[in-house]
Structures are given as C-alpha cells and as structure tokens.
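Please look over the sequence and the structure shown here before reading the notes below.

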Amino acid sequence: MRVLGIETSCDETGVAVYDDEEGLIGHQLYSQIELHSEYGGVVPELASRDHVRKLIPLIDDLLEQTNSKGLIDGIAYTSGPGLMGALMVGACAGRALAYAWGCPAIGVHHMEGHLLAPLLEDDAPEFPFVALLVSGGHTQLVEVKALGQYVLLGESLDDAAGEAFDKAAKMLDLDYPGGPNVAKLALSGDLERFTFPRPMCDRPGLDFSFSGLKTHTLVCVRKHAQENGLPDDQTCADIAAAFQEAVADTLVIKCRRALQQTGLKTLVIAGGVSANTRLRSKLTEALKKIQSRVFYARHEFCTDNGAMIAYAGCQRLLAGQTESLEVSVRARWPLDSLPPLEASEASGEQTA
Ligand code: KG4
Ligand code: ZN
C-alpha cells in the first residue's frame, strides 16, 4: 500500500510517500520559520494561510519526484492535536484528494506520528518499549505495548520541554525556534558556572514540571543584569548550558525510572527535543549502565514532518481503519484514547 502523508499541525508543511513494501519513497518539507521569526513564535492565522499556499504545490512536486501520480492507495493527514486552522488545511486537502482519487483516508494523531518515527530507521526498535515524547506542546512518558496500545505513565504538569527551551531562548535573546539555538549556544557554555534545579526528581512518580526551570533562568538573567549589567555572550552560553543540562538530566532520571517501573529495556525518544544531541548522549550513556537502549529518529524526522504521518497512517489503513467523509480535527486529543489496531481489524470501525 502506497500512502501520501500530510502534516500541517503547526509551522511546518510536510508531505511524504510511504509504501509498506518499499519503505519511505520520498518526502518534502516547507518550514515557516522565517514567516514567524519576526513575531518570536507561531502566529496561528499566518500558519494556516501559508499551509494553504504551500501544501498543494508541495504534494504535486512530491508525486512527480516519486513517480507516484495515480499510484496512491491511501491518504493520511494529521488531524490533531495542533492549531485548528492549520490542521483544517491538511485535513481538507487530504479528504478532498482521497475523494477525487477514490482511496481511503485517515486522520493521524500527531504524537503517534512522532512516536513511530524511529520505526522508519533501519535500526528500528521493537515493541514493547517506553517512549519519551518531547515536543513544543508535549512532554509525556508512554508505555507502548504495541502499535496503537499506549498507556500514559507521566506528563508535564505545566510547560512542555520544548516550550521551556523556547522560553529560555527568549530570555537569552535568541531567535525562534529557541530549542536548536539554546543547544547551539550551550556548546560553548561552562557547566561549572551555574547549577539549575532538576525539578520533581526528588519525589516519586513520572510527571514533569518545567515552569520552575524557566523562572530560574529568568532570575539568573535578571540577577546577573542587576549585579553586572546585561549578560555578555559567555554568560548567556553558560546559562544556556546550565538550563539544557537541567532539562536533559531531568528527562534522563525520569526515563530510567519509567524503564525500571515497567521492566522494559527499550526507550524511544521522539518529538523536536529528541533532536537535542546532549539529551541523546546523556541517555545513551545512562541506559548503557542499566543494559537498556535508546532509539531515536534521524534528525530531520525528530521535528514535524510528513514521513511520520504517512508511516503511522499506513499502519492504520493496512489494519482496515478509515474515516467517514466528515472532516474533523482536534486541538486536544489524548494519545491513550486511540483505538488499538487489532480491535479495529476485527470490527472494521473507524478511528478519530
Ligand atoms: O515536534 P516539534 O517539531 O513540534 C511540535 O510538535 O511541537 O517540536 C518543536 C520543539 C520546539 O519547542 C523546538 O524548540 C524544540 O522542539 N527543539 C529542540 C531542538 N530542536 C527542536 N529543543 C532542544 N534542542 C534541539 N536541538
Ligand atoms: Zn510535532
């Protein structure tokens, strides 16, 4: 089955063609970073309008490039969670194309897409595993028993890890999107200079809280400004390094705890923050000590992309899941409310 995947939940227009026999055939991404950077964050209305402009030419190019015209057997589009207007663009396009081409279509959960992205790699993890989902809107630990069988183990009570990175970046006067810029600056930072807290690690459980870390960063910047004037480049780098280290350590501690709690030996990290090299190396090191292993997607598939949606949608379409003609999208959508694959195979029921 050859599936066209469409991702428009936020500020990236991503499209891909995935074939269950041949693997990933091709993908294209248009990032709106430049459009939103002057506002310091995503402007939802601008995002929707840009998806409208870019999506169809991108699909056209991709079908041409992959020789897939007339060969698409199914369409998968992100139907939540995300920005409503942005989601509507992808969902309407996906639905309309499916109607025109006479093929089934399915709405995919954005975080399920992220979670499954590492399965696109040659060295893919096997079920069951624990997944750490760390993006701009989510920080969740999930026990993944099988495809579609998700048990939420813990999540952030306030800011998501990526959101904290983005906010810390603003305090350090770095451009949007903040995460990669904080990571870049942290490379020249001195880890000995500032020590930031590791929130909620001294109590049991698998929930997170990153808003205190954000406040700690602000206090650190202000204190420095009061005592020594505006932070110089080296001070900003030292703060970035201390912040990143605190987020990474906190995530590592909770991941180890989740593996111990579930008795599993495999961890998958997914979502934009899983591109963070410091987090990756700390996890690799920590998990080696407990005879466990971490898997992640290639860099370009950590952040939003069409390939993960094509892959996730293909698995559900192959299991017989489809949707009615109605276009429905959701700003919020709990991952653990998704139907397992076996159940729908038996009943032929629709998903979202
Ligand atoms: O998964 P994603 O592309 O979009 C959402 O679904 O939210 O994640 C975007 C988030 C942003 O907060 C961005 O700053 C963060 O991921 N991010 C990073 C890195 N690359 C992206 N955070 C830390 N280090 C990175 N290298
Ligand atoms: Zn995402």
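The notes that follow cover a sheet, the helices lying across it, and a metal site. The model is predicted. Its open sheet has 5 strands in mixed pairing, and its zinc ion (ligand 2) has protein donors that include two histidines, His110 and His114.

**The sheet**
- Across the open sheet, the strand order is β8-β7-β6-β9-β10.
- The edges are formed by β8 (149–155) and β10 (293–296); each has a single partner strand, so one side of each lacks a neighbour in the sheet.
- From one strand to the next, the twist averages 25°.
- β7 (residues 139–146) is paired with β8 in the antiparallel sense, over 6 bridges.
- Gln140 stands opposite Glu155, a residue of β8.

**Helices across the sheet**
- Helix α8 (residues 233–262) lies across four strands, namely β6 (129–134), β7, β8 and β9 (266–270). The direction of helix α8 is at about 155° to β6.
- Helix α9 (residues 277–288) lies across β9 and β10, and runs at about 150° to β10.

**The zinc site**
- The zinc ion (ligand 2) has three protein donors: His110 through NE2, His114 through NE2, and Asp304 through OD. These donors lie 2.0 to 2.1 Å from the zinc ion.
- Along the chain, the donors of the zinc ion follow the spacing H-x3-H-x189-D.
- Helix α4 (residues 110–116) holds both His110 and His114, which are 4 residues apart, or about one turn of the helix.
- His110 and His114 are both buried.

Technical notes: Residues numbered from 1 in each chain as written. Chains lettered and ligands numbered in written order. Predicted model: local features only at pLDDT ≥ 70, side-chain atom pairs only at ≥ 80, totals over all residues. Heavy atoms only, no water. Pairing = 2+ DSSP bridges. Helix = DSSP H or I, 4+ residues; strand = E, 2+ residues; numbered from the N terminus. Axes fitted to C-alpha atoms, helices over the stretch in contact; angles between N-to-C directions. Contact = heavy atoms within 4.5 Å. Donors = N, O, S within 2.8 Å, 3.2 Å for Na, K, Ca; no water. Buried < 20%, exposed > 50% of the residue type's maximum accessible area, 1.4 Å probe, protein only.
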